[in-house]
Amino acid sequence: MDSIKINAGSTLMVAHRGLSGIETENTNAAFIAAGNRSYFGIETDVHKTADGKFVVIHDDRTGRVSLTDISVEGSTFDELRKIQLHSPDGTDGRADMLIPTLKEYISTCKRYEKTAVLELKNEFTSAEIKAICDEINEEAYLDRVIFISFCFDNLVRLREFYPKQTVQFLTDDYTDELPELLSSHGFDLDIQYEALDQERIRVLHAKGIKVNCWT
């Protein structure tokens, strides 16, 4: 496995799920690998466990990245932490192949001075979003976090606590109503790259909306 080599120019590059072309996605190893390179930011996904802890993993279940297939939000932190994730070479047994905590991820972003691009993976309550922000505030790093979510209401709830927090609505579809909707809430956009063209970007930029694309 390897990372793609391109001339980024002035483009701000984000390591998706950490440097997942080299290390297992959404692991501390992947975050550290991204931290040691020139990425602008490190992206990951946050879930809440059954006992109220916050962990970072992409899927709702663990089966794709380990031999153990259990529900993330239906399991306790201790149950999840015992799971051995697959190593990049397809073997098992590396001691660092574990599901990280939100705080571990934020700590790594802070250590390497990377912007944290944090996806609120499923719908969260206002209290849960506040708890996520409280954990990040313990590291004094909320000003370096961009929150993204497919759930528009997650971003609305977040802004109730932090009206100026940088947020991006995550979507794979572009509609004519989207620019006005985002503008009315002061949200930026994170969209699948195939949904973009030069005219759509022009319209979004004209409304002061920053555009991030995922590939």
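**View 1. Helices H4 and H5 are oblique to each other.** Oblique describes any angle that is not roughly parallel (under 35 degrees), roughly antiparallel (over 145) or roughly perpendicular (65 to 115). In this predicted model, local features need pLDDT of at least 70 and side-chain atom pairs count only at pLDDT 80 or more, whereas totals for chains, interfaces and linings use all residues. Residues are numbered from 1 along each chain as its sequence is written, and side-chain values use heavy atoms, without hydrogens and water. H4 covers residues 126-138 and H5 residues 152-161; they pack at an angle of about 60°, with their axes 9 Å apart. Helices are DSSP runs (H or I, at least four residues), numbered from the N terminus. Axes are lines fitted to C-alpha atoms over the stretch in contact, and angles run from 0 to 180 degrees between N-to-C directions.

**View 2. Residues of both helices form the contact of H4 with H5.** H4 contributes Ser-126, Ile-129, Lys-130 and Cys-133, and H5 contributes Asn-154, Arg-157, Leu-158, Glu-160 and Phe-161. Contact means heavy atoms within 4.5 Å.

**View 3. Cys-133 of H4 is buried.** Its relative accessible area is 0%; buried means under 20%, exposed over 50% and partly exposed in between (1.4 Å probe, protein chains only). The count of disulfides (pairs of cysteine sulfur atoms within 2.5 Å) comes to 0. For Cys-133, the nearest cysteine sulfur is that of Cys-151, 15 Å away.

**View 4. Cys-213 is partly exposed.** Its relative accessible area is 40%. The closest cysteine sulfur, in Cys-109, lies 20 Å from that of Cys-213, too far for a bond.

Notes
Helix = DSSP H or I, 4+ residues; strand = E, 2+ residues; numbered from the N terminus.
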